[in-house]
Amino acid sequence: MSGPTGGLWASNEAYEKYMGRWSRRVAPHFLDWLAVPAGARWIDIGCGTGALSAAIVARREPAAVVGVDPSKAFIEAARAEVGDA
């Protein structure tokens, strides 16, 4: 596996098949386990294509969510996935 500019990290589709599909399944359970109340501020480090960030917006009514990832393509995909300013 190479860094954020090649291999798995260069393709949103490849990332989704490898990580995103599992992240979408695990995120709701992870958020339930954390039990963070509504109105919190979140940072999603290594946000990938936005699965956890989208779950936070959908389930936790956050004050803000900031996603950080070294892949520009993943950040763009996360913005499209979350669809919330």
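Colleague: What share of the 85 residues in the protein chain do buried residues make up?

Modeller: They make up 29%. This is a predicted model, so every value here is computed from it.

Colleague: Which secondary structure does the protein chain have?

Modeller: Three helices and two strands. Along the sequence they follow the pattern α-β-α-β-α.

Colleague: Why is Thr49 called buried?

Modeller: Its relative accessible area is 5%. Buried means under 20%, so Thr49 qualifies. Thr49 sits in the loop between β1 and α2.

Colleague: What does Thr49 touch, neighbours within four places in sequence aside?

Modeller: Its contacts include Asn12, Tyr15, Arg24, Phe74 and Glu81. Phe74 is 25 residues from Thr49 in sequence, yet their C-alpha atoms are 4.8 Å apart.

Colleague: What makes Glu81 and Arg24 a salt bridge?

Modeller: Their closest N and O atoms are 3.4 Å apart. The cut-off is 4 Å, so the pair counts as a salt bridge. Glu81 lies in helix α3 and Arg24 in helix α1, so the pair ties together parts that are 57 residues apart in sequence.

Colleague: Why is Glu81 called partly exposed?

Modeller: Its relative accessible area is 38%. Partly exposed runs between the 20% and 50% limits, so Glu81 belongs there. Arg24 is partly exposed too, with 31%.

Colleague: How many salt bridges does the structure hold?

Modeller: Three. One of them joins Arg59 and Asp32, with closest N and O atoms 2.8 Å apart. Arg59 lies in helix α2 and Asp32 in helix α1, so this pair ties together parts 27 residues apart in sequence.

Colleague: And what distance separates Arg60 and Asp32, N to O?

Modeller: It is 3.4 Å. The limit is 4 Å, so this is a salt bridge as well. Arg60 is in helix α2 and Asp32 in helix α1, 28 residues apart.

Colleague: Which residues are linked in a network of salt bridges?

Modeller: Asp32, Arg59 and Arg60.

Colleague: Which of these are buried or partly exposed, and why?

Modeller: Arg60 has a relative accessible area of 16%, under the 20% limit, so Arg60 is buried. Arg59 counts as partly exposed at 37%. Asp32 also counts as partly exposed, at 42%.

Colleague: Where does Asp44 lie?

Modeller: In strand β1.

Colleague: How do you know that Asp44 has no salt bridge?

Modeller: The nearest side chain of opposite charge is Arg24, 9.5 Å away. A salt bridge needs an N and an O within 4 Å, so Asp44 has none. Asp44 is buried all the same.

Colleague: What does the side chain of Asp44 make a polar contact with?

Modeller: With the side chain of Ser53, at 2.8 Å. The cut-off for a polar contact is 3.5 Å, so the pair fits. Asp44 also touches Leu52, Val66, Gly67 and Val68, among residues more than four places away in sequence.

Colleague: Which residues of helix α2 are buried?

Modeller: Ala51, Ser53, Ala54, Ala55, Ile56 and Arg60. They pack against α1, β1, β2 and α3. After α2 comes Glu61, with a positive phi near 45°.

Colleague: Which residues form the largest nonpolar core?

Modeller: There are six: Ala27, Leu31, Ala40, Trp42, Ala55 and Ile56. Helices α1 and α2 each supply at least two of them.

Colleague: What does Leu31 touch, not counting residues up to four places away in sequence?

Modeller: Trp42, Leu52, Ala55, Ile56, Arg59 and Arg60.

Colleague: Which residues of α3 are buried?

Modeller: Phe74, Ile75, Ala77 and Ala78.

Colleague: Why do they line one face of the helix?

Modeller: Seen down the axis of α3, they fall within an arc of 165°, so they line one face. They pack against α1 and β2.

Colleague: Which exposed residues does the face of α3 turned away from its buried side carry?

Modeller: Lys72, Arg79 and Ala80. Just after α3, Gly83 takes a positive phi of about 60°.

Technical notes
Residues are numbered from 1 along each chain as its sequence is written. This is a predicted model: local features need pLDDT of at least 70, side-chain atom pairs count only at pLDDT 80 or more; totals for chains, interfaces and linings use all residues. Side-chain values use heavy atoms; hydrogens and water are left out. Buried means under 20% relative accessible area, exposed over 50%, partly exposed in between (1.4 Å probe, protein chains only). Helices (H or I, at least four residues) and strands (E, at least two) are DSSP runs, numbered from the N terminus. Contact means heavy atoms within 4.5 Å. A nonpolar core is a set of buried Ala, Val, Leu, Ile, Met, Phe, Trp, Tyr and Cys residues joined through side-chain atoms within 4.5 Å. Lys and Arg count as positive and Asp and Glu as negative; His and the chain ends are not counted. A polar contact is a pair of N or O atoms within 3.5 Å; within protein, one must be able to donate a hydrogen and the other to accept it, and residues adjacent in sequence count only if both atoms are side-chain atoms. The arc is that of the directions from the helix axis to the C-beta atoms.
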